[in-house]
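Please load the model in a viewer and keep the selection panel at hand. The tour proceeds by selections, each followed by a description of what is found there.

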Amino acid sequence: MGNYTSVSTFLLWGFSSFQDLQNLLFAVIFISHVTIVAANVSIMVAIKLSHNLHTPMYFFLCGLSFSETCTSMVVIPRMLVDLISENKTISLPECATQMFFFLGLAANNCFIMAAMSYDRYTAIHSPLHYHTLMTRKTCLLLMVASWVVGFLISLCIVITIFNLSFCDLNTIQHFFCDISPVVCLACDYTSYHEMAIFVLSAFVLVGSFILIMISYVFIVFIVMKMPSAKGKYKAFSTCSSHLTVVSIHYGFACFVYLRPKDSDSFPKDMLMAVTYTVLTPLLNPIVYSLRNKEMQTALRKSPGSVIRFFLQMTNKRPLNIF
């Protein structure tokens, strides 16, 4: 951290202004969190146990579900504790750690969605060579690259922010350590720092969004050349779930991270943050399960598959009679 940092702890103000709603907010957010974890874990288990879902598309969906679950785990448990606790302080290292993991996972989500759009383009453009092009190794490389690049960018942002000096003010007008509420407390925050953070944020959001749009522009051209209406419908239906999730994710994220900031914008940003930390991870499994018959079938079969899986593991385990 910077040599002149005089503040050692922050106060997460969060929802403290709504004292009368603390219990209601706790109940709603807790139920939402349990649902997020249960829904995303169900998708991961269904993909793992259903052999017909062992394809690149569902590999990336499994990765996205895991990343979304981790994102909510970084933010929501701390939010729940603060809602029922009088002590809402967070140390500088804890704040930096939370921001690092949140931004890294959020960036990872963007790059995974870009990889999913490329996968859909490959499936529609080259259906006969799809499994040759989208091999297990290629999918793993795309997934690893998403994680590595996402966390490298997050590290750059966190180093930029926490090398600033924080003096006097220590109240974060948010329920977690996000970029804007933290940097506004720094006493040596300059336009240079603002530009550096903006460029890194834009690289993640705009860069991945451009890759997604390029894939879908090519997909539209390919589909338009298809002779049958049935073929067009089938091609577009394979992309509809992904497009829905992309629209929700990028709409809220761009509103928060790519527009000019001032102190009056924090309440709006906090409302949007609730949406993309609670609602978006909840909508992803709903969208993919409602619009995908294969996933619906796998989810219906998954309870029985889980029981059979554990029975097989139990039968294979050697008995220790001593």
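The stops below cover annotated spans, a sheet, a disulfide and internal cavities. The model is a predicted one.

**Stop 1: the annotated spans**

Begin by selecting residues 24-46, 58-80, 100-118, 139-162, 195-223, 235-258 and 270-290, which an unreviewed UniProt entry annotates as "transmembrane region". Two of these spans may then be isolated in turn. Residues 58-80 are 100% helix and 0% strand, and the C-alpha atoms at the ends of this span are 32 Å apart. For residues 139-162, the end C-alpha atoms lie 35 Å apart, and this span is likewise 100% helix and 0% strand.

**Stop 2: the sheet**

Next, display the strands. In which order do the three strands of the open sheet lie? The order is β2-β1-β3, with mixed pairing. Strand β2 (89-91) and strand β3 form the edges, each pairing on one side only. Now select residues 9-12, which make up strand β1. Strands β1 and β3 run parallel and are joined by two bridges. Within this pairing, select Leu11 and look across to Thr171 in β3, which stands opposite.

**Stop 3: the disulfide and other cysteines**

Select Cys95 and Cys177 and show their side chains. A disulfide joins these two residues, with an S to S distance of 2.0 Å. Cys95 belongs to helix α3, whereas Cys177 sits in the loop between β3 (171-172) and α6 (179-183); the two are 82 residues apart, and the pair links distant parts of the chain. The angle about the S-S bond is -125°, and the link is left-handed. The count of disulfides in the model is one.

Are the two bonded cysteines buried or exposed? Cys95 is buried because its relative accessibility is 0%, under the 20% cut-off. Cys177 also counts as buried, since its relative accessible area is 1%.

Two further cysteines may be added to the selection. Cys110 is buried, at a relative accessible area of 2%. Cys156, at 40%, is partly exposed.

**Stop 4: the largest cavity**

Turn now to the interior. Three cavities of 30 Å³ or more are counted. The largest cavity has a volume of about 280 Å³. To centre the view on this cavity, select Leu103, Ala106, Ala107, Leu205 and Tyr257, the closest to its centre of the 21 residues in the lining.

Which helices should be coloured here, as suppliers of at least two lining residues each? They are α2 (56-84), α3 (92-125), α5 (136-162), α7 (191-224), α8 (229-257) and α9 (266-290). Helix α3 provides the largest share, six residues. By residue class, the lining of the largest cavity comprises 13 nonpolar, seven polar and one charged.

**Stop 5: the second largest cavity**

For the last stop, select Leu12, Trp13, Gly14, Phe15, Ser16, Gln22, Met79, Asp82, Leu83, Lys88, His174 and Phe175, which line the second largest cavity. The space in this cavity is about 70 Å³. Helix α2 contributes the largest share of this lining, three residues. Colouring by class divides the lining of the second largest cavity into six nonpolar, four polar and two charged residues.

Methods. Residues numbered from 1 in each chain as written. Predicted model: local features only at pLDDT ≥ 70, side-chain atom pairs only at ≥ 80, totals over all residues. Heavy atoms only, no water. 1 Å grid on protein atoms, 1.4 Å probe; cavity = no way out; pocket = protein on both sides within 12 Å on 5 of 7 lines; lining within 4 Å. Points joined across faces, edges and corners; volume = space filled by probe spheres on them. Helix = DSSP H or I, 4+ residues; strand = E, 2+ residues; numbered from the N terminus. Nonpolar A, V, L, I, M, F, W, Y, C, P; charged D, E, K, R; others polar. Disulfide = S-S within 2.5 Å. Buried < 20%, exposed > 50% of the residue type's maximum accessible area, 1.4 Å probe, protein only. UniProt positions renumbered as here; feature names shortened; annotations may be inferred. Pairing = 2+ DSSP bridges.
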